[in-house]
Amino acid sequence: MKPEHRGDRDRLQGGWVVVSTQEWFRDNLSRKRTDLAATVLICGDRHVWREKGREYSDVIRLDPAANPKAIDLRRVDSRRVWKGIYKLEGDVLTVRIGYD
């Protein structure tokens with residue numbers, strides 16, 4: 001990835017409320033969840049997802065110069081990396097992550 005652009009990284013800082021998620025499965029079925037009580041906290045290069053008493057922490061790497069803008073999330077407690085794209089419009093952050 002190319003070096004990070006400080007503008008987007010700075011704009012991502014703070015707390016976010018997860019409004020919905022969309023999951024796609026190998027059999028092309030999808031499941032949209034809007035009943036989440038999840039939040040995301042972004043502090044520096046750390047991303048913490050909190051939902052139903054569980055917490056997951058990732059290191060974020062951005063490439064806003066890519067088209068579309070790229071994001072990598074690396075789980076802190078493992079070597080697993082999720083690659084994705086993101087869009088930041090005003091106070092709405094949309095992220096698409098590819099899962100193995």
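Is arginine 75 buried or exposed, and what is its relative accessible area? Arginine 75 turns out to be buried, with a relative accessible area of 18%. Here, buried stands for under 20% relative accessible area, exposed for over 50%, and partly exposed for anything in between, using a 1.4 Å probe and protein chains only.

A quick word on the ground rules. This is a predicted model, in which local features need pLDDT of at least 70 and side-chain atom pairs count only at pLDDT 80 or more, while totals for chains, interfaces and linings use all residues. Residues are numbered from 1 along each chain as its sequence is written, and side-chain values use heavy atoms, with hydrogens and water left out.

Back to arginine 75, which forms a salt bridge with aspartate 58, the closest N and O atoms being 2.7 Å apart. Arginine 75 sits in strand 7 (residues 70-75) and aspartate 58 in strand 6 (residues 54-63), so the pair ties together parts that are 17 residues apart in sequence. A salt bridge, for the record, is a side-chain nitrogen of Lys or Arg within 4 Å of a carboxyl oxygen of Asp or Glu. Helices (H or I, at least four residues) and strands (E, at least two) are DSSP runs, numbered from the N terminus. Aspartate 58 is buried too, at 2% relative accessibility.

The strands around this pair fill in the picture. Aspartate 58 stands opposite arginine 75 in strand 7, and strands 6 and 7 pair in the antiparallel sense over six bridges. Pairing calls for at least two bridges found by DSSP between two strands. Strands 6 and 7 also make a hairpin, with six residues between them. As for strand 7 itself, five of its six residues are buried, leaving this strand mostly covered.

Moving on along the chain, strand 7 pairs with strand 8 (residues 81-89), again in the antiparallel sense, over five bridges. A hairpin through five residues joins the two. Aspartate 72 has lysine 83 in strand 8 as its bridge partner.

Going the other way, strand 5 (residues 46-51) pairs with strand 6 in the antiparallel sense over six bridges, and arginine 46 stands opposite valine 59 in strand 6. The hairpin formed by strands 5 and 6 has two residues between them, and lysine 52 in the turn has a positive phi of about 50°. Strand 4 (residues 38-43) pairs with strand 5 in the antiparallel sense over six bridges; alanine 38 stands opposite glutamate 51 in strand 5. Strands 4 and 5 form a hairpin with two residues between them, and glycine 44 in its turn has a positive phi of about 65°.

How many salt bridges does a search of the whole structure find? The search finds six, including the one between arginine 75 and aspartate 58. Another links aspartate 8 with arginine 11, whose closest N and O atoms are 3.5 Å apart. Both of these residues lie in helix 1 (residues 6-12), three residues apart, about one turn of the helix. Aspartate 8 is buried at 4% relative accessibility, whereas arginine 11 is partly exposed at 43%. Lys69 comes into play as well, linked with Asp8 and Arg11 in a network of salt bridges. Finally, glutamate 89 forms a salt bridge with lysine 87, the closest N and O atoms being 4.0 Å apart; lysine 87 is partly exposed, at 43% relative accessibility.
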